[in-house]
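Q: I should like a close look at one part of this protein, set in the context of the whole model. Please take the salt bridges as the starting point.

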Amino acid sequence: RHPQTPLGKATRSLNSRAGSDSMLSVNSYRRALSSRSLLLKLNVCQRGPSQRCLSSFASIPPDEEEKEKSRVASLTPYQKEIELRELDSEISRLQTLRGINTGELYTMRGKFKALTRDYGLGFMAYYWGVWFGTAGLSYAAMKVGGVDPLVVAAKAEMWLGLEYGSITGRLDPTLGEIGLVLLLNELLEPIRLPFVVMTTKPVVDAMSRR
């Protein structure tokens with residue numbers, strides 16, 4: 001039996017509703033789920049002194065975990081889908097509130113982290129695709145502009161006050177081209193990162209719909 005607490009009452013109510021699909025409307029199920037989610041989030045606890053009440057930052061105790069597993073097992077696939085949507089919406093809202101609290105919501109780094117969290121593999125694939133694209137453009141620009149890595153290395157020796165040949169004498173032309181392309185590509189990061197952040201959602205959503 002569930003304890004006589006608001007959380008227990010909400011759980012019993014949700015279990016009884018899950019047992020009769022014909023009498024369960026979408027709105028009533030959402031109201032029951034919202035009430036239970038609110039109780040879990042606020043951690044309303046009316047237990048005796050011998051029972052400890054966990055804070056909202058801790059995981060639920062084992063006994064409540066088992067009850068939750070039993071409750072979820074009694075749900076239909078449709079009810080699970082509705083509940084998952086509600087939970088995802090709540091998680092997204094809490095992540096936004098956390099971003100406001102930490103200030104990450106208003107920084108490029110925070111937006112990058114949020115996109116990584118929300119889009120996962122799709123975002124990483126898109127970012128690295130753009131990265132390799134700008135690397136190709138850097139290589140093409142270097143070739144069109146006639147940039148010679150050995151000449152760049154010689155100028156670097158002069159600027160650094162090094163002896164002539166200390167860099168150019170050891171530099172392989174092919175490795176010099178690769179290093180110069182990587183350098184140019186990294187210099188494009190202040191442009192590339194905002195572009196990726198602004199275009200990830202429409203691009204990844206369009207790719208996922210195909």
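With which residue does the side chain of E81 meet in a salt bridge, and what is the N to O distance?

A: The model is a predicted one. In it, the side chain of E81 meets that of R85 in a salt bridge, with an N to O distance of 3.1 Å. Both residues belong to helix α4, where four residues, or about one turn of the helix, separate them. E81 has a relative accessibility of 37% and therefore counts as partly exposed. R85 is exposed, because its relative accessible area is 56%, and the cut-off for that class is over 50%.

This bridge is one of nine salt bridges counted in the model. Side chains of opposite charge can pair when their charged atoms come close. A second example is E68 with R71, whose closest N and O atoms are 2.6 Å apart. These two residues lie in helix α3, which covers residues 62–73, and they are three residues apart, again about one helical turn. Unlike R85, which is exposed, E68 and R71 are both buried. They also take part in a network of salt bridges that links E68, R71 and E83.

A third example is found in helix α9, where E189 forms a salt bridge with R192 and the closest N and O atoms are 2.4 Å apart. Being three residues apart in that helix, E189 and R192 are separated by about one helical turn. E189 has a relative accessible area of 19% and is therefore buried, since the limit for that class is under 20%. R192 counts as buried as well, because its relative accessibility is 3%.

R192 leads from the charged pairs to the nonpolar core. Leaving out residues up to four places away in sequence, V130 touches R192, F195 and V196. Of these residues, V130 and V196 belong to the largest nonpolar core, a group of 11 residues that also includes L115, F123, Y126, W131, L193 and V204. Helices α6 and α9, the latter spanning residues 189–209, are the elements that give two or more residues to this core. Helix α6 supplies the largest share, namely six residues. In soluble globular proteins, nonpolar side chains tend to be buried together.

Helix α6 runs over residues 121–144 and also holds S138. S138 is buried, because its relative accessible area is 5%. Apart from neighbours within four places in sequence, S138 is in contact with V181, L184, N185 and L188.

The aromatic side chains add a further feature. A pair of aromatic rings is described by the distance of the centres and the angle of the planes. The whole structure contains four aromatic pairs. In one of them, the ring centres of Y127 and W128 are 5.4 Å apart and the planes stand at 80°, so this pair is edge-to-face. The rings of W128 and F132 form a tilted pair, because their centres are 6.4 Å apart and their planes are at 45°. W128 and F132 both lie in helix α6, four residues or about one turn apart. Together, Y127, W128, W131 and F132 make up one aromatic cluster. Its members differ in accessibility: Y127 counts as buried because its value is 9%, W128 as partly exposed because its value is 40%, and F132 as exposed because its value is 53%.

Nonpolar residues also appear on the surface. L94, L97, I100, L105 and Y106 form a nonpolar patch there, with about 460 Å² of accessible area together. Within this patch, L105 is located in the loop between α4 (77–102) and α5 (108–119). L105 is partly exposed, because its relative accessible area is 34%. Helix α5 itself contains D118, which is exposed because its relative accessible area is 52%. D118 and S92 are 26 residues apart in sequence, while their C-alpha atoms are 8.9 Å apart in space.

As for the protein as a whole, its secondary structure consists of nine helices and zero strands. Of its 210 residues, 25% count as buried. Among contacts with a separation of 6 or more, 63% are between residues 24 or more positions apart. The protein exposes about 14,500 Å², of which carbon and sulfur atoms supply 62%.

Note on methods: Residues numbered from 1 in each chain as written. Predicted model: local features only at pLDDT ≥ 70, side-chain atom pairs only at ≥ 80, totals over all residues. Heavy atoms only, no water. Buried < 20%, exposed > 50% of the residue type's maximum accessible area, 1.4 Å probe, protein only. Contact = heavy atoms within 4.5 Å. Core = buried A, V, L, I, M, F, W, Y, C linked by side-chain atoms within 4.5 Å. Patch = residues over 30% accessible without salt bridge, like charges linked within 9 Å, V, L, I, M, F, W, Y side chains within 5 Å. Areas by Shrake-Rupley, 256 points an atom, 1.4 Å probe, with all protein chains shown as cover. Salt bridge = Lys/Arg side-chain N within 4 Å of Asp/Glu carboxyl O. Phe/Tyr/Trp six-rings, centres within 6.5 Å; stacked < 30°, edge-to-face > 60°.
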